[in-house]
Amino acid sequence: MIQGIGLDIVQLKRIELAYLRRKSFAKRILTEEERETFETLSDKRKIEFLAGRFAAKEAYAKALGCGIGKALSFQDIDVKKTASGQPWIMDRKVRKGKSINHLSITHTKEYAAAQVIIEGEG
């Protein structure tokens, strides 16, 4: 049974400006493991990666119905990949594996977007 759906879209330029103003922006959004991957990327790909993770985490928080804030932070959400490259979410705080999460992330020249569906029992 679907328990929540979340969708987020963000302009790459907005994320790039936030990152260029304050490099700590990436540290606020990305977990330590995500930052390790981030540091290996080209400048253009870094912005796409950061924007995609931002959108995925916002979409997940929306699907939970709590948003990013008191109940859930960007650091509580880790976007991982399967061996085939499919993204998935590990929630370190709110749900802790109590649900099945479906995640899709996409990029265009100007935007990154993510959709999350949370399934669970009745």
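User: Which residues does V116 touch, not counting residues up to four places away in sequence?

Analyst: Happy to walk through it. In this predicted model, V116 touches G4, I5, G6, A56, A59, Y60, A63, I89, H102 and L103, with residues up to four places away in sequence left out.

User: Which residues have the most contacts inside the largest nonpolar core?

Analyst: V116 is one of them, together with F25, L50 and L103, in a core of 32 residues. At least two residues of this core come from each of α1, α2 (24–29), α4, β2, β4 and β5 (111–119). The largest share, 11 residues, is supplied by α4.

User: Now for pockets. How do I find empty space, and how much lies in the largest pocket?

Analyst: The general idea is to roll a probe the size of a water molecule over the atoms, which shows where empty space is left. Here, the largest pocket holds about 340 Å³ of space. Its lining has 16 residues, and L12, E16, D43, K44 and I47 lie nearest the centre. Two or more lining residues come from each of α1 (12–21) and α4 (43–64). By type, the lining has 9 charged, 5 nonpolar and 2 polar residues.

User: Which residues are closest to the centre of the second largest pocket?

Analyst: That pocket has about 260 Å³ of space. T37, F49, R53, V79 and K81 are the closest to its centre, among 15 lining residues. α3 (32–38), α4, β2 (77–81) and β4 (100–107) each give at least two residues to this lining, and β2 gives the largest share, 4 residues. The lining divides into 7 charged, 5 nonpolar and 3 polar residues.

Conventions
Residues numbered from 1 in each chain as written. Predicted model: local features only at pLDDT ≥ 70, side-chain atom pairs only at ≥ 80, totals over all residues. Heavy atoms only, no water. 1 Å grid on protein atoms, 1.4 Å probe; cavity = no way out; pocket = protein on both sides within 12 Å on 5 of 7 lines; lining within 4 Å. Points joined across faces, edges and corners; volume = space filled by probe spheres on them. Nonpolar A, V, L, I, M, F, W, Y, C, P; charged D, E, K, R; others polar. Core = buried A, V, L, I, M, F, W, Y, C linked by side-chain atoms within 4.5 Å. Buried < 20%, exposed > 50% of the residue type's maximum accessible area, 1.4 Å probe, protein only. Contact = heavy atoms within 4.5 Å.
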